[in-house]
Amino acid sequence: MTSSAPNSFRALPDPDGHFGNFGGRFVAETLMPLILELEQAYKDAKADPAFKKEMDYYLRHYVGRENPLYFAERLSEHLGGAKIYFKREDLNHTGAHKINNCIGQILLAKRMGKTRIIAETGAGQHGVATATVCARFGLPCTVYMGSKDIERQSPNVFRMRLLGAEVKPVVSGSNSLKDAMNEALRDWVTNVEDTFYIIGTAAGPHPYPEMVRDFQSVIGNESRQQIMEAEGRLPDQVIASVGGGSNAIGLFHPFLDDKGVDVVGVEAAGHGVHTGNHAASLSAGRPGVLHGNRTYLLMDDDGQIKEADSISAGLDYPGIGPEHSWLKDIGRARYEPITDKEALEAFKLCSELEGIIPALECSHAIAQIMKEAPKMGKDQIILMCLSGRGDKDIFTVAEALGVEL
Amino acid sequence: MSDAIIGGQDRIAKRFAKLKEEDRAGLVTFITAGDPDPETSFEILKQLPDAGADIIELGMPFTDPMADGPAIQEASIRALDAGMHMRKTLSIVRGFRDQDHETPIILMGYYNPIYIYGVAEFLEDARNAGVDGLIVVDLPPEEDPELCIPTVEKGLSFIRLTTPTSDDKRLPKLVQNTSGFVYYVSVAGVTGAGSASNDQIVEAMGRLKRHTDLPIAVGFGIKTAEQAADVAKQADAAVVGSAIVSKIAESLDENGKATDKTASMVTGLVRELANGVRNARK
């Protein structure tokens with residue numbers, strides 16, 4: 001059922017958490033028993049219909065699923081090519097796809113009898129989603145956030161505090177998402193008895209990449225059904241932005257065995273891949289080991305991790321989920337870089353044409369669509385994950401556009 | 001074969017045999033290679049055996065030391081800022097080996113810099129430089145084919161960390177493929193955090209001894225000669241890291257540069273710790 005399934009792209013990871021050469025369990029020994037316990041608990045939960053039922057309940061009544069698959073008619077017309085559909089994850093409670101995963105993990109934490117939750121956050125979306133489910137389920141919550149991100153995402157910081165979470169600024173390393181993850185791991189290694197670590201993206205040691213993907217696959221499963229209803233056929237392309245890559249893998253996974261579907265991930269190229277100031281680990285990095293998994297990373301020749309750079313805090317990470325690394329290497333998905341400037345243009349265009357202010361993260365995917373849709377036929381279909389709303393980004397965008405608020 | 005490339009397991013085994021003969025525990029000291037700069041770090045390293053270090057752990061700097069507390073994180077940053085990299089780390093070991101043929105050197109760190117160097121080439125170069133063993137924090141037994149097995153095949157020791165979360169079910173897996181000694185991390189946490197109680201250490205030693213005949217070194221949170229002595233009563237060796245590294249930090253000038261006190265402050269602390277360890281069982 002593992003790598004012996006060559007006619008499916010959906011059969012991995014293997015029992016040790018490998019997606020081909022990627023993934024694995026590269027963690028300190030103190031954490032190994034916890035990770036093995038989590039793996040078993042997840043396996044049990046997956047096999048338990050009551051767990052699925054509970055999850056479906058909260059996704060429907062608390063998150064607000066299913067959310068629409070929206071035909072972006074004016075954007076499609078404007079670009080003059082393919083029909084563009086948005087999967088509206090921005091309409092979820094808390095305004096992004098992150099909550100899908102948080103519901104799954106907090107229900108698992110409850111099942112395991114854990115009494116304290118920790119999380120890392122970049123843009124603050126995952127932090128807000130975690131703080132939200134912690135409030136809902138009555139568990140204390142500590143969120144680690146780089147001091148640089150605290151500065152550029154202050155509305156989300158305040159949101160988390162309103163929800164009762166403790167936001168701990170991280171001032172080590174580059175003061176952003178990777179350092180927040182280091183600090184969360186340090187917390188976990190210290191509080192092994194009672195703490196559950198809700199990782200926000202489909203990365204980290206096994207079973208996180210698999211588990212987060214499964215929880216986010218609701219995006220792709222719904223989209224598949226909705227596009228069949230709307231168009232009577234599958235899309236020609238599915239596209240999403242990738243930081244760690246959880247919304248993307250959630251959209252992609254149900255389509256991976258549909259050979260005719262072009263699978264496109266969009267990376268943050270910051271100031272440009274050639275400048276060195278970017279977060280495009282698949283376009284410009286190479287395989288290495290960080291945060292529990294082997295995956296593409298930005299690093300120097302000595303194996304030291306480089307700081308990522310992107311206008312979007314949610315994409316500002318020097319790595320990527322291991323399944324994306326595998327999909328790239330075997331050629332099932334392609335990954336394209338989009339600069340800060342291109343993403344800003346897309347942010348404005350989407351706001352003006354569709355009345356939807358997109359998050360800067362998924363503005364990268366819109367920017368890629370602006371390049372590709374015009375070259376496609378009017379009978380072709382692009383399905384994009386609009387992973388989050390852009391309200392949190394208005395200060396960053398205003399600054400980038402030289403507007404004083 | 002030159003003396004420098006004696007298999008690492010021999011040098012470690014010999015050292016523990018000697019300690020047993022002297023009926024005392026050993027002192028294992030940790031510093032980060034290149035901290036605060038390559039030259040000063042080399043000077044400190046050379047003086048450690050005379051100050052009383054029986055075994056030396058030399059940290060390989062890494063940008064993202066996920067299991068380390070602030071003291072060792074900062075040491076890594078100081079070293080990297082001073083231009084440290086893996087080849088220089090190995091050349092420091094080579095320089096040390098030219099003058100000391102007996103004190104075991106264990107390289108300690110994270111996997112990525114080794115992986116990027118190339119495992120086969122790294123092991124070849126490390127062995128030739130006179131390295132005796134490796135401790136790689138983010139390689140549990142589940143990942144043994146990555147580095148542990150090739151290390152053992154090369155005749156070097158792969159030393160495993162065992163922790164308070166290593167129960168009787170987990171320990172057999174931890175002690176297989178390991179050699180040299182077993183490092184017991186006495187508290188669940190990052191380096192430099194709180195220390196374990198005597199009772200906890202006694203209990204853990206009993207558990208470990210049921211699963212291995214290898215010597216056991218106990219570390220994490222040992223800051224003073226008294227604490228080192230307490231551990232030395234129970235364990236085959238006491239490991240001190242963050243306290244030594246903090247001493248380096250304390251010795252620096254306002255620009256974070258080494259001063260003429262840096263080496264002597266470190267060796268001063270190591271002397272105190274060694275006294276504690278050496279007199280513990282008297």
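How many of the 9 residues of helix α9 (residues 208-216) of chain A are buried? Select that helix to begin; the model is predicted. In α9 of chain A, 8 of the 9 residues are buried, and the helix is mostly covered. To display the buried residues, pick A:Y208, A:P209, A:E210, A:M211, A:V212, A:R213, A:F215 and A:Q216.

**Stop 2: the annotated lysine**

Select A:K98 next. An unreviewed UniProt entry lists A:K98 as a modified residue, N6-(pyridoxal phosphate)lysine. The residue sits in helix α4 of chain A, which covers residues 98-111. A:K98 counts as buried because 32 other C-beta atoms lie within 10 Å, and the cut-off for buried is 20 or more. Leaving out residues up to four places away in sequence, the contacts to show around A:K98 are A:Q125, A:H126, A:A129 and A:G200.

**Stop 3: an enclosed strand**

Move to strand β9 of chain A, residues 237-241. Of its 5 residues, 5 are buried, so the strand is largely enclosed by the rest of the structure. Show the side chains to separate the two faces: A:Q237, A:I239 and A:S241 point one way, A:V238 and A:A240 the other way, and all are buried.

Two pairings of this strand can be traced from here. With β10 of chain A (residues 262-270), β9 of chain A pairs in the parallel sense over 5 bridges. To find a bridge in that pairing, select A:V238 together with its partner A:V263 in β10 of chain A. With β14 of chain A (residues 381-386), β9 of chain A pairs in the parallel sense as well, over 3 bridges. Here the bridge to select is A:I239 with A:M384 in β14 of chain A.

Now add helix α11 of chain A, residues 246-252. Together with β9 and β10 of chain A, this helix makes a right-handed β-α-β unit.

**Stop 4: a four-stranded sheet**

Which strands form the open antiparallel sheet of chain A, and in what order? The order is β1-β2-β12-β11, with 4 strands in the sheet. The edge strands, each pairing on one side only, are β1 (18-19) and β11 of chain A. Further in, select β2 and β12 (residues 292-297) of chain A, which run antiparallel and are joined by 2 bridges. A:G23 has A:R294 of β12 in chain A as its bridge partner.

**Stop 5: where chain A touches chain B**

Turn on both chains. In this model, 27 residues of chain A are in contact with 33 residues of chain B. On the chain A side, the elements that give two or more residues are β2 (22-26), α1 (32-46), α8 (177-190) and β11 (286-290). Two strands of the sheet at the previous stop, β2 and β11 of chain A, therefore appear again here. Start with α8 of chain A, which gives the most, with 6 residues. Colouring the chain A side by residue class gives 12 nonpolar, 9 polar and 6 charged residues.

**Stop 6: a loop residue in chain B**

Finish on B:R210, in the loop between α9 (198-209) and β8 (216-219) of chain B. Is B:R210 buried or exposed? B:R210 is exposed, because its count of other C-beta atoms within 10 Å is 10, where 12 or fewer is the cut-off. For a last distance, pick the C-alpha atoms of B:R210 and B:L171: the two residues are 39 apart in sequence, and their C-alpha atoms are 9.4 Å apart in space.

Key: Residues numbered from 1 in each chain as written. Chains lettered and ligands numbered in written order. Predicted model: local features only at pLDDT ≥ 70, side-chain atom pairs only at ≥ 80, totals over all residues. UniProt positions renumbered as here; feature names shortened; annotations may be inferred. Contact = placed C-beta atoms within 7 Å. Nonpolar A, V, L, I, M, F, W, Y, C, P; charged D, E, K, R; others polar. Pairing = 2+ DSSP bridges. Right-handed = clockwise from strand over helix to strand, strands pointing away.
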